[in-house]
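Let us walk through this structure, starting with the space inside it and ending with its cysteines.

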Amino acid sequence: MAILTFETLTEQVAAGTVDTVLVCLVDMQGRLMGKRFHAANFVESAWEETHCCDYLLATDLEMATPEGYAATSWEKGYGDYVMKPDLATLRPLPWLEGTVMVLCDIIDHHTHAPVPHSPRAVLKRQIARLADLGFTAKMATELEFFLFENSLDDIRKSGFRDLTPISGYNEDYHILQTTKEEGVMRPIRNHLHAAGIPVENSKGEAETGQEELNIRYADALACADHHTIAKHAVKEIAWQQGRAASFLAKWHHDKVGSSSHIHQSLWHEDGTGAFYDPGGEHGMSATMRRYCAGLIRYAPEVTVFLAPYINSYKRFAAGTFAPTKTIWSIDNRTAGFRLCGAGTGGVRMECRIGGSDLNPYLALAAQIACGIEGLKQELTLGEPLRGDVYKAGDAPDIPRSLRAATETLRGSTMLREAMGEDVIDHYIRAAEWEQEEFDRVVTDYEIARGFERA
Ligand code: ADP
């Protein structure tokens, strides 16, 4: 059921309690882009559609326009896409006065077909493939991030040097320290809840200034929508409080990184769980074992979608709770995949590979695509690993750099078939561009190390 119906919005606009509608798309980086409509115009006409430049699905974090995308280019003139509001996503944004938001699907200006590489379309395609097999996926993404004492603007003005985390010590599960942060975290929980995002809890995480926000599991598309809106809200509410929130996967080499673990389970169309079998080992059904075998087998091929930047790979370090091996375990946090809720109706697999910088639509789509392959090929799930997985030398590795992950993706016939050649080539180009830009830049590290001594 819609959180805010169009009829209610129309009444609120007439009454003057709502004056602004954020009409948003999700870009390749998982960010909200779009326009702020006067609410009167939205309820009159823009609710049907609006337009945006098609470069929004071909830029990098800095809005550069790299060459090499088949979908759009200077040569093609950077035309328009249609932004089609999905009115089921209409919701109040209580942290912004008189403001509501809606998420849009991206549609080709001429054919009116969904733009295949738009993140929502990428995920919808995998949801449809799963439905063809008679399943729906319920998923949850944990959001980890760091809070800093100063605002984003002050930090930028300091050249990103003035980075003081909001707490002075590792605050994992700490109540005293997190009480000190309630000025930011309490409005995040409460405003998101009022926006129809089913927040479960927030907690301190295992580093100075690190937070975790948990949202109740939901259908895959709703889960990705929730993640995107919550991430945006965290940054915006922290900014309102004069603080900075960062979802960079690894902001300092001496600090642990931030993750976005993905919990997943399959359900039958009648709403019964497809992962739970009381008679199965650990309560796992045959369906679950096959799906999870696919997750593990194909993890290297989808790593770009779990770790999309150069920086993402700095997180994969032994002894930091970030995984380096594509192997599963039972409630063991050192493995790439961790079985949760063993022996219960809540049995599920948690993928621990993804960083806090992932795009949830692409990451969830990639997970489902791997799982579908496991189901189709009836893959066999190996034995879980016990003990310290970091020391499990023979377990397969997750690609350790963006360059390696990009080459693995390039060679993935599985993903090309599942997502489409054009979509894969589009995201390979995005990953190549990240590498090219990094390779071009001389870093502070190189100067400090070699300026005098090289
Ligand atoms: P932990 O803290 O041990 O990782 P939690 O109990 O906090 O585990 O649950 C983590 C996430 O898993 C929560 O966001 C929850 O909504 C989600 N979750 C619970 N059951 C399921 C399920 N059957 N399928 C997918 N996600 C689930």
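**Inside the model**

The largest cavity has a volume of about 220 Å³. This is a predicted model. In total, the structure holds three cavities of 30 Å³ or more.

Look at the walls of the largest cavity. Its lining is made of 17 residues. Met28, Pro308, Tyr309, Tyr427 and Ala430 are the closest to the centre. Two elements each give two or more residues to this lining: helix 9 (303–306) and helix 13 (421–440). Helix 13 gives the most, with five residues.

What classes of residue make up the lining of the largest cavity? There are 11 nonpolar residues, three polar and three charged. The lining also draws on two domains. Domain 1 (6–115) and domain 2 (126–445) each supply at least three residues.

Now turn to the cysteines. A disulfide is a covalent bond between the sulfur atoms of two cysteines. How many disulfides does a search of the whole structure find? The search finds zero.

Take Cys52. Its closest cysteine sulfur is in Cys53, at 7.2 Å, so the two are too far apart for a bond. A disulfide needs the sulfur atoms within 2.5 Å. Cys52 counts as buried because its relative accessibility is 7%, and the cut-off for buried is under 20%.

Cys340 can be read in the same steps. The closest cysteine sulfur to that of Cys340 lies in Cys292, 11 Å away, which is too far for a bond. At 7% relative accessibility, Cys340 is buried.

Conventions:
Residues numbered from 1 in each chain as written. Predicted model: local features only at pLDDT ≥ 70, side-chain atom pairs only at ≥ 80, totals over all residues. Heavy atoms only, no water. 1 Å grid on protein atoms, 1.4 Å probe; cavity = no way out; pocket = protein on both sides within 12 Å on 5 of 7 lines; lining within 4 Å. Points joined across faces, edges and corners; volume = space filled by probe spheres on them. Helix = DSSP H or I, 4+ residues; strand = E, 2+ residues; numbered from the N terminus. Nonpolar A, V, L, I, M, F, W, Y, C, P; charged D, E, K, R; others polar. Domains from an automatic or database assignment. Buried < 20%, exposed > 50% of the residue type's maximum accessible area, 1.4 Å probe, protein only.
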